[in-house]
Amino acid sequence: MLEVWAAFRKTEWQPVPRWALAMWVVFYGLFLGYVFHSQGGFLFIDLANLVVHEGGHLLFGWFGPTLGVWGGTLLQWLAPFLLAAYFFTQRQTSAFAFCGFFFFENWLYTATYMADARAMALPLVTTGDSDYVEHDWNTIFTSLGVLEYDTKISAVIQLLGWCGMIGMVVWLVWRSLGQQQASGQPGPHQEGRKNF
């Protein structure tokens with residue numbers, strides 16, 4: 001097993017061309033700006049998150065009501081995490097960073113939902129009986145005895161989500177530039193000298 005892990009660690013990550021890296025950095029920068037200016041509001045990507053979230057209730061609901069309530073967030077976090085894990089094993093740099101980034105973006109969506117646990121002001125969606133709509137995090141926090149800490153827990157999850165998203169962008173840039181230097185490709189400062 002150790003030999004397999006050692007061989008895997010030596011596997012090279014897929015290189016990211018400089019132009020692609022620049023495009024990814026612009027994309028992530030614009031998206032982070034959009035998220036920051038939304039101030040915890042509903043993002044366009046949250047429509048996809050919502051579909052996965054509701055599917056999680058249906059899927060995990062087969063294992064009982066407790067997992068059914070947790071299932072929305074579980075699947076919402078598991079889907080991008082498992083995709084990121086797959087791309088990690090395939091050493092696909094951009095795809096791993098993309099899935100990792102959106103894994104952490106889901107934390108912001110969850111944090112918004114958590115912060116609403118006591119107020120229950122957000123409009124709720126259900127795949128079941130529309131007369132019986134349950135606020136996941138009100139139910140979860142109540143069962144754990146931490147309902148009064150909903151906004152504090154939400155703030156921690158939101159901070160971790162931001163750190164994770166920014167961390168994935170930093171990792172992508174670090175990995176890509178490191179590979180370019182290791183392969184002998186000129187870095188940005190060397191490229192500038194060629195133009196003189």
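A residue counts as buried when its relative accessible area is under 20%, as exposed when that area is over 50%, and as partly exposed in between. With that in hand, welcome to this structure, which is a predicted model. The points below visit a threonine inside a helix, a nonpolar patch on the surface, and two cysteines.

**Thr 110 and its surroundings**
- Thr 110 sits in helix 5, which covers residues 93-115.
- Thr 110 has a relative accessible area of 1%, so it falls under the 20% cut-off and is buried.
- Leaving aside residues up to four places away in sequence, Thr 110 touches Thr 73, Gln 76, Trp 77 and Trp 137.
- With Gln 76 there is also a polar contact: the side chains of Thr 110 and Gln 76 are joined at 3.5 Å.

**A nonpolar patch on the surface**
- Trp 62, Phe 63, Leu 67, Leu 74, Leu 78, Phe 81 and Leu 82 together make a nonpolar surface patch of about 760 Å².
- One of these patch residues, Phe 81, belongs to helix 4, which runs over residues 65-89.
- Phe 81 is partly exposed, because its relative accessible area of 43% lies between the two cut-offs.

**Cysteines and disulfides**
- A disulfide is a covalent bond between the sulfur atoms of two cysteines.
- Searching the whole structure turns up zero disulfides.
- Cys 99 is buried, with a relative accessible area of 9%.
- Cys 163, by contrast, is partly exposed, and its relative accessible area is 47%.

Terms used
Residues numbered from 1 in each chain as written. Predicted model: local features only at pLDDT ≥ 70, side-chain atom pairs only at ≥ 80, totals over all residues. Heavy atoms only, no water. Disulfide = S-S within 2.5 Å. Buried < 20%, exposed > 50% of the residue type's maximum accessible area, 1.4 Å probe, protein only. Helix = DSSP H or I, 4+ residues; strand = E, 2+ residues; numbered from the N terminus. Polar contact = N/O pair within 3.5 Å; in protein donor to acceptor, adjacent residues only side chain to side chain. Contact = heavy atoms within 4.5 Å. Patch = residues over 30% accessible without salt bridge, like charges linked within 9 Å, V, L, I, M, F, W, Y side chains within 5 Å. Areas by Shrake-Rupley, 256 points an atom, 1.4 Å probe, with all protein chains shown as cover. Salt bridge = Lys/Arg side-chain N within 4 Å of Asp/Glu carboxyl O.
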